[in-house]
Each structure stands twice: as structure tokens, then as C-alpha cells.
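The exercises below can be worked through with the sequence and the model side by side. Each one sets a task and then gives a solution in steps.

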Amino acid sequence: GLTVEPGNLLAVDWVPQSGDFTEIVAFLFDGGVLTPADIARIAIQPTEVSRFEFVPLTKAEHLLDPDQFARVVAALYLRGTVYLENGIPPNPS
């Protein structure tokens with residue numbers, strides 16, 4: 001029920017294969033600021049999501065796995081679009 005034009009690309013994160021999960025490339029975009037009316041229009045897909053919640057970063061740390069949380073922190077605090085490997089900026093050679 002809510003369509004938002006993506007803002008700036010904040011992070012590109014390469015996540016290596018782990019167990020049965022294939023490697024992925026995750027893209028994190030700035031979604032902008034939602035108004036109360038925007039939030040009221042959010043309709044989740046019950047087969048994909050059971051609920052949603054807006055939380056401060058301190059609570060997000062306990063809800064996300066460490067790699068996802070690292071991706072969010074990097075996107076929030078590093079300037080420009082960042083390249084990450086498993087949520088962490090790689091060491092420059």
C-alpha cells in the first residue's frame with residue numbers, strides 16, 4: 001500500500017556463501033522520512049513479514065543479526081555510498 005521512491009544508495013554489501021545460503025549482494029537505499037499517513041498505508045505481505053516496527057538503533061542491534069546490524073550502522077555513519085563485505089568496509093590494500 002505504500003510506494004516510496006528510493007533515495008540515495010547508501011551501501012552495497014557482498015555477503016559470502018554460508019552453509020545452505022548462497023552469496024548475495026545487498027543494496028541499502030535511503031527510504032526518506034515517512035509521515036504518519038504514510039505509515040498508516042503500510043500493508044505487509046503476511047507470507048513474507050509477520051510485523052514491522054520502527055526502533056532506535058540501540059534496539060535494532062538486538063533484533064538484527066550482527067552482519068545486518070553492521071550494514072545498517074555503516075550506511076548511517078559512513079559518508080557517501082559504501083562498499084561492504086559482510087557488513088564491514090574491506091581493508092584497503
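A polar contact is a pair of N or O atoms within 3.5 Å; within protein, one of the two must be able to donate a hydrogen and the other to accept it, and residues adjacent in sequence count only if both atoms are side-chain atoms. The model is predicted, so local features need pLDDT of at least 70 and side-chain atom pairs count only at pLDDT 80 or more, while totals for chains, interfaces and linings use all residues. Residues are numbered from 1 along each chain as its sequence is written, and side-chain values use heavy atoms, with hydrogens and water left out.

**Exercise 1. Find what the side chain of Asp38 reaches, and place Asp38 in the chain.**

Begin with the element: Asp38 is found in helix H1, residues 36–40, where helices (H or I, at least four residues) and strands (E, at least two) are DSSP runs numbered from the N terminus. Next, follow the side chain, which reaches the backbone nitrogen of Thr35 at 3.0 Å. Then consider exposure, for which buried means under 20% relative accessible area, exposed over 50%, and partly exposed in between, with a 1.4 Å probe and protein chains only. Asp38 counts as buried because its relative accessibility is 16%. Finally, leaving aside neighbours within four places in sequence, Asp38 is in contact (heavy atoms within 4.5 Å) with Leu2 and Val33.

**Exercise 2. Write down the order of the elements from the N terminus on.**

Count first: the protein has three helices and three strands. Reading from the N terminus, these elements run β-β-α-α-α-β. For the overall dimensions, the C-alpha atoms fill a box of roughly 50 × 35 × 25 Å, taken along the principal axes. Of the 93 residues in the protein, 16% are buried.

**Exercise 3. Check the span of helix H3 against its number of residues, then describe its surroundings.**

The expected span of a helix is 1.5 Å times one less than its number of residues. Helix H3 covers residues 66–77, and its 12 residues should therefore span 16 Å, which agrees with the 16 Å between its end C-alpha atoms. At the N-terminal end of H3, Asp65 acts as a cap, with a side-chain oxygen 3.0 Å from the backbone nitrogen of Asp67. The buried residues of H3 are Phe69, Ala70, Arg71, Ala74 and Ala75. An α-helix has 3.6 residues a turn, so residues three or four places apart point the same way. The cover over the buried residues of H3 includes strand E1 (9–15), strand E2 (24–29), helix H2 (57–63) and strand E3 (82–85).

**Exercise 4. Which residues form the largest nonpolar core?**

A nonpolar core is a set of buried Ala, Val, Leu, Ile, Met, Phe, Trp, Tyr and Cys residues joined through side-chain atoms within 4.5 Å. The largest one has five residues, namely Ala11, Ala74, Ala75, Val82 and Leu84. Both H3 and E3 supply at least two residues each to this core. To look at one member, Ala75 is in contact with Leu10, Ala11 and Leu28, once neighbours within four places in sequence are left aside.

**Exercise 5. Is Asp13 buried or exposed, and what does its side chain contact?**

Locate Asp13 in strand E1. Asp13 counts as buried, because its relative accessibility is 0%. Its side chain makes a polar contact of 2.7 Å with the side chain of Arg71, and Arg71 is one of the buried residues of H3. Beyond four places in sequence, the residues in contact with Asp13 include Ile24, Leu84 and Asn86.

Two of these partners can be followed further. Ile24 lies in strand E2 and is partly exposed, with a relative accessible area of 40%; apart from neighbours within four places, Ile24 is in contact with Asp13, Trp14 and Val15. Asn86 is found in the segment after E3 and, at 23% relative accessibility, counts as partly exposed. Phi of Asn86 is near 60°, a positive value in a residue other than glycine. For background, most residues other than glycine have a negative phi.
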